[in-house]
Amino acid sequence: MEALAPVAAWVAVVLLIVLVGFQVALAAGVPWGKAAYGGASATLEPRVRIASGIAAVVWALVAWFFLSLAIPALAGPVPDSWNIVVLWVLVGLFAIATAMNGISRSRIERAIWTPVSAVLLVCALVIVLRIIGASSMAG
């Protein structure tokens, strides 16, 4: 598990960068709405574009968090003592995202974002279990 944690962090960083790019594109008006928000419309209305802009910022912070786990010398967006809590929150969030993407009415949203959110869930679980294992070995 120990060797998998850095790989999981890097995989999460790459997927989150893709997600940030997708959200930025939606916020900018790129007509990819069929792959997001239930796929109701190719072009998002202004309030949903704003939501995508906010989502891009949030996912960028999450990417930074995982990057700080991949590169221990890099300061993260939260104190190290919060890492386990943040990871458990992300496990829950990614589990919900996997379920919600999996039941989306949009076939393309299901096809793209269900596997992405599932892989992010596995990455977060690998890292949190590695931290728990390391702390139990130390204690």
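Start by selecting Tyr 37, which sits in the loop between α1 and α2. Helices here are DSSP runs of H or I with at least four residues, strands are runs of E with at least two, and both are numbered from the N terminus. Check the backbone at Tyr 37: phi is positive, about 55°, although this residue is not a glycine. Tyr 37 has a relative accessible area of 40%, so it is partly exposed (buried is under 20% relative accessible area, exposed is over 50%, and partly exposed is in between, using a 1.4 Å probe and protein chains only).

A quick note before you click on: this is a predicted model, where local features need pLDDT of at least 70, side-chain atom pairs count only at pLDDT 80 or more, and totals for chains, interfaces and linings use all residues. Residues are numbered from 1 along each chain as its sequence is written, and side-chain values use heavy atoms, with hydrogens and water left out.

**The helices on either side of that loop**

Now select residues 4-27 for α1 and residues 46-70 for α2. Their axes come within 8 Å and cross at roughly 165°. An axis is a line fitted to C-alpha atoms, for helices over the stretch in contact, and angles run from 0 to 180 degrees between N-to-C directions. That is why α1 and α2 count as roughly antiparallel to each other (angles over 145 degrees are roughly antiparallel, under 35 roughly parallel, 65 to 115 roughly perpendicular, and the rest oblique). The crossing of α1 and α2 is left-handed, meaning that the near helix is turned anticlockwise from the far one by less than a right angle; clockwise would be right-handed. Colour the contact of α1 with α2 by residue type and you get 20 nonpolar, 3 polar and 1 charged. In this scheme Ala, Val, Leu, Ile, Met, Phe, Trp, Tyr, Cys and Pro are nonpolar, Asp, Glu, Lys and Arg are charged, and the others, Gly among them, are polar.

**On to α3**

Keep α2 on screen and add α3, residues 83-102. The axes of α2 and α3 come within 12 Å and cross at roughly 130°, which makes α2 oblique to α3. This crossing is left-handed too.

In the loop between α2 and α3, pick Gly 76. With a relative accessible area of 22%, Gly 76 is partly exposed. Draw a line from its C-alpha to that of Phe 65: they are 11 residues apart along the chain and separated by 5.3 Å.

Within helix α3, click on Ala 99. Ala 99 is at 42% relative accessibility, so it counts as partly exposed. From Ala 99 to Pro 6 you cover 93 residues in sequence and 26 Å in space, C-alpha to C-alpha.

**The largest pocket**

Which residues should you select to find the centre of the largest pocket? Try Gln 23, Trp 59, Ala 97, Asn 101 and Glu 109, the closest to the centre among the 22 that line it. The pocket holds about 510 Å³ of space. On a 1 Å grid over the protein atoms alone, a pocket is an open set of points with protein on both sides within 12 Å along at least five of seven lines, and lining residues have an atom within 4 Å of a point. Two or more lining residues come from each of α1, α2, α3 and α4 (107-138), with α3 giving the most, 6 residues. The lining divides into 16 nonpolar, 5 polar and 1 charged.

**Last stops**

Arg 110 is in helix α4, and at 29% relative accessibility it counts as partly exposed. The C-alpha atoms of Arg 110 and Ile 71 are 32 Å apart, with their positions 39 residues apart along the chain.

Finish at Glu 2, in the segment before α1. Glu 2 is exposed, with a relative accessible area of 57%. Its C-alpha lies 5.8 Å from that of Arg 130, 128 residues away along the chain.

Methods:
1 Å grid on protein atoms, 1.4 Å probe; cavity = no way out; pocket = protein on both sides within 12 Å on 5 of 7 lines; lining within 4 Å. Points joined across faces, edges and corners; volume = space filled by probe spheres on them.
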